[in-house]
Structure formats: structure tokens, C-alpha cells
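Student: I am new to this structure and would be grateful for a close look at how its strands are arranged and at the spaces that its elements line. Please explain each term as it arises.

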Amino acid sequence: MTPPIADGDMLAAIDLGSNSFHMIVARYTLGQLRVVDRLRETVRMAEGLDTRGGLTAEVRQRALACLSRFGQRIRDIPPQNVRALATNTVRRLAAPQAFLVPAETALGHAIEVIAGREEARLIYLGVAHAQPPKPGQRRLVIDIGGGSTECIIGSGFEALERESLQIGCVASTRRFFPGGKLSKKRWRDALSEVSAEFQQFASTYRALGWQEVVGASGTNKAIGEICAAMKLTKGAVTAEALPQVRDRLLEAGHIDAITLPGLSDDRRPIIAGGILVLEAAFGVFGIERMQVSKAAMREGVLRDLLGRAGEDDPREASVEALMQRYGIDRVQAGRVEATALRLFDQVARAWRLDADDLRMLAWAARVHELGLVIAHSQYHVHGAYVLEHSDIAGFSRQEQQFLAALVRCHRRKVPKSAFDAVPDRLLVQARRTAALLRLAVLLHRSHEADDIPLLHAGVADDVLTLRFSQRWLDARPLLRIDLEGEPDEIAPLGIRLVLSAD
């Protein structure tokens, strides 16, 4: 099992944002996280994204060079204490692995891609821990990134509503102000379009309500600093101050001529899109005042690391929610899980399977019958689709693809494309854990409650040997027939199955 995080351990979170790459390094001391280092580099990934989902060579090289420098800083931190997450721009790449494989090599650690709503959850987690809300109070958190904007309503440390929009400071500046030209007409037209994006969920948010608004990440922080430098506020953003900032911006006539007080040269090329998005949010939600948080997703990732290593792994709650929502037979799922883990324990060392593989196998066993709520025919296909394409809190896209592949392959033929979405670094583990789940499901096909008296598994490379009680097997002729055909069925997983009975 993965060792728990101990006092004095170092942790690191890396955020591959569409505008900047951030890294935060912290030491776990006396139950608290103490930040020891922060690194930020402007990479502008969104700037290099073309309409076909490709990434320009210049931006790609900029990103890899930054990750190489980050990797030098954290090379002595154990892999289980490092989490690197990629967001909107990598989500939009047509061939993300073409970037992720060299990026992981440069960083020296795995990089996970997360969905927009998972990004929103982590943002809220970071803000909530940095500025704990009052008991019973709800807050609206808005994070304007380079390629997307996340809006969250939360209470305590829990995100109640999460949305992610494909509008950010880099993307919006490029889209609405091509050539850098600024004008009132362009602004009005752009504001109408961006406001329409927020209107999609505004009524739901307003019905739930909130008592305060918090802005996260660099764009909101920069706008707050501009408000303070213009002596409009002391660092917050208000409904009175924001139009004055916008008017001052438009006076420049061109992005290169912007001279907003308190604005850094680094952020000048993209601030127009950020102010545009924030003005739209203020108008649609009727916001009067927004305070600015120093925390963002990277702080949330650190908190999530602690949860994953302890008793508060959000993925456990998500799997439980899936079981409830899809009415899964818990008794049968429990039988399959127990047998799958029994097999895992016997082969894990030889097959080099770790605690992450164990968790994935257990979760796949619990939800392998999820597709039955849709239809019995091809239910493994339906279940895999739901798992791959749902927003499941706590899971990265790669984790959902891993889980979906296991469920897709737990019965019938194994398609050649079953593992296409699984990263190469996880492919061997995915195939091997899929084999264990497949055998566990097969052994419990009859749904009988009796334990399996003898079940011994041994492996040598990709040869898996299973030994049963002959007497127990003779009493189950249907199972014996199924097992006789299984070596051919399991072969596409790259595993040769050998059966014996005593």
C-alpha cells in the first residue's frame, strides 16, 4: 500500500494552466501544510492552440522547458506526494498524448488531465481552506483562467454547484479583439456573447443563492490590484469600480497601449479578455462586490493529496454516489470485489501492481454492473461509456478512462480499442487488473453466496495460473464450461490463462 503522508513529508502540486504554469511545494507539519516554495512561469498554452487542436512548436517547447525546470525542483519528492494536473488547453488538444508523453518526461512525474468541473471542485477546495467560510454560509467562487472560467457555489469545504465555461482571459482576448484593437462596439458585442454563456446556469445559481463572492487566480487578483491602484477600492472588485477600469482600458484603443495602473507587463496582453469575462459575470449574477483570494487550484490539489492519502479520498464518495444513483446490487458487487482483491493480493508483487491499481480494481468491481440500469444487453459497454464520459468528482480523465476500460472488458470479447484512451504508462497495469476483474466476475456469475474454498493464483510474466478445488468445480458444470473457454477470451489482454484443479 502507499505509505501515508507523515510529519515532515514534502508535497508538490503543479497546475498546467492555459496562461501560466504554477507549482507549489509544501511541507506537512503537525497536521498543517506549510508552503516552502512557489514557482510561476507564463507559458500561454492557449496562445499556441490552433483550430484543429494542434499546438505550435514554439509554445510546446516553452511548456516543456518550464516543466523541466519544475522537475529539477521536485526530483527528490516521492511520486505519490506529487500531483500534476493539466486543464483547458490540454483538454482541447486533438492528440493530447503527443504533448503529455514528452511533458511527463520533462517533469519526471505523471501528468493527469482533469475535466472542467473537477477543476472547479479543486479551485473551491483551495479557496475554502485558505479562507474558511462562516458556518452555514454559501459563497460564489469565480476563477478566470487562460482558457476557461469556473464558477462554483459551495458551503464549508463542499462544492454544491460546479460549472466550467470555455471562456478565459487568453482565449477571449484572442477571439474578441483580433489584432489587438479595442473599441466600444467590439466590447458591447463581446459582452453579449460572454454574458449568454453565464446565462445557461444563472437561474440555478441564483435560486441557490450565496452570501459572498470570491475571485480566484491571477486575472481576478490583477483586476483587484488595478482597482486598488486607481484608488477605487482597497483590493476588492466592485460593481462601481469595474466599469471605470473597463472605460480606462478602452481609452487605450489597442492592447499594446494599455496603461492601467498596477498592471504588470506580463499580464497586459491578456487583461482585456479577463475584464470582459468578469464584467459579464458581474452583470448576469448581479454581483456588487467580490473579494480576491490568494488561493487557487494548486492549493486545492495539495488538500486533495492529503485526502487521497488519508480517510477522505473524494473518489470513494463518488463511487458510492454512482452505486446509489444506478441501483447497483451491493451484495454481488461485494462478492466480486472480495474475489478480485483476493486474486490481486496473490499476484501484485510479481506483476508490480501498486496501491493505485488496487483502488481502481476495487472501484471497478463495485460499479461493474452499472450499465444494467440502461439495458442488460451490452451492459458492460453502457457502463464503460457512462464512466468515461461523466463528471466524476475526484477522478482525472485518465483515471476515468482506466476505470471504464476495466468495466468494458469484464465480460464477452475484449475489443482491440478497449485501451486506446489509456496512457501508455498505465497500459500494462490496466490490462492485468482487467484480467483479475474479469475472472472475479466469471467466478460469481451464478450470484451464489458460498465462498470459493480454494482459489490460488500465480503468475510468471504474462502467464496467469489459477488453481481450484476439483470437487467444488465439478459441482458447477456451467462455471466449468465458462472457464474452459476463458483462456481464448482473455488472450487479447496479453495474458495466457492456465487452469488446474486439485
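Tutor: Two strands are said to pair if DSSP finds at least two bridges between them. The elements themselves are DSSP runs numbered from the N terminus: helices are of type H or I with at least four residues, and strands are of type E with at least two. The model is predicted, so local features need pLDDT of at least 70 and side-chain atom pairs count only at pLDDT 80 or more, while totals for chains, interfaces and linings use all residues. Residues are numbered from 1 along each chain as its sequence is written, and side-chain values use heavy atoms, with hydrogens and water left out.

Strand S13, residues 463-468, offers a clear beginning. S13 is joined by six bridges to strand S14 (residues 496-501), and the two run parallel. Within this pairing, Arg 467 has Ser 500 of S14 as its bridge partner. S13 also pairs with strand S12 (residues 455-460), here in the antiparallel sense and again over six bridges. In that pair, Ala 460 is bridged to Val 463 of S13. S12 and S13 form a hairpin with two residues between them, and Asp 461 in the turn has a positive phi of about 55°. In general, the strands of a sheet pair through backbone hydrogen bonds, either parallel or antiparallel. The two faces of S13 differ in cover: Leu 464, Leu 466 and Phe 468 make up the covered face, whereas Val 463, Thr 465 and Arg 467 make up the uncovered one.

Strand S6 (138-144) likewise has partners of both kinds. Seven bridges connect S6 with strand S7 (residues 149-155) in an antiparallel arrangement, where Arg 138 stands opposite Ser 155. The hairpin from S6 to S7 passes through four residues. With strand S9 (residues 212-216), S6 pairs in the parallel sense over five bridges, and Val 141 has Val 214 in S9 as its bridge partner. S6 is mostly covered, with six of its seven residues buried; buried means under 20% relative accessible area, exposed means over 50%, and partly exposed lies in between, for a 1.4 Å probe and protein chains only.

Another group of strands forms an open sheet of five, in the order S3-S2-S1-S4-S5, with mixed pairing. Strand S3 (32-42) and strand S5 (111-113) are its edge strands, each pairing on one side only. Direction ignored, neighbouring strands of this sheet are turned by 20° against each other on average; axes are lines fitted to C-alpha atoms, for helices over the stretch in contact, and angles run from 0 to 180 degrees between N-to-C directions. Inside the sheet, strand S1 (residues 10-16) runs antiparallel to S2 and is joined to S2 by seven bridges, with Leu 16 opposite Phe 21. Helix H10 packs on the sheet, touching S1, S2, S3 and strand S4 (82-86), and its direction makes about 135° with that of S1. Contact here means heavy atoms within 4.5 Å.

Several of these elements also line an enclosed space. On a 1 Å grid over the protein atoms alone, a cavity is a set of points where a 1.4 Å probe fits but cannot get out, a pocket is an open set with protein on both sides within 12 Å along at least five of seven lines, and lining residues have an atom within 4 Å of a point. Grid points are joined across faces, edges and corners, and a volume is the space filled by probe spheres set on the points. Two cavities of 30 Å³ or more are present, and the largest has a volume of about 270 Å³. It is lined by 26 residues, of which Asp 15, Gly 17, Gly 145, Gly 146 and Ser 217 are the closest to its centre. Strand S2 (20-29), helix H4 (116-130), S6, helix H7 (217-229) and helix H10 (297-309) each supply at least two residues of this lining, and the largest share, three residues, comes from H7. The lining divides into five nonpolar, 14 polar and seven charged residues, where Ala, Val, Leu, Ile, Met, Phe, Trp, Tyr, Cys and Pro count as nonpolar, Asp, Glu, Lys and Arg as charged, and the others, Gly among them, as polar.

The second largest cavity holds about 30 Å³ of space. Among the residues lining this cavity are Glu 118, Arg 162 and Asp 391, and its lining comprises four nonpolar, one polar and three charged residues.
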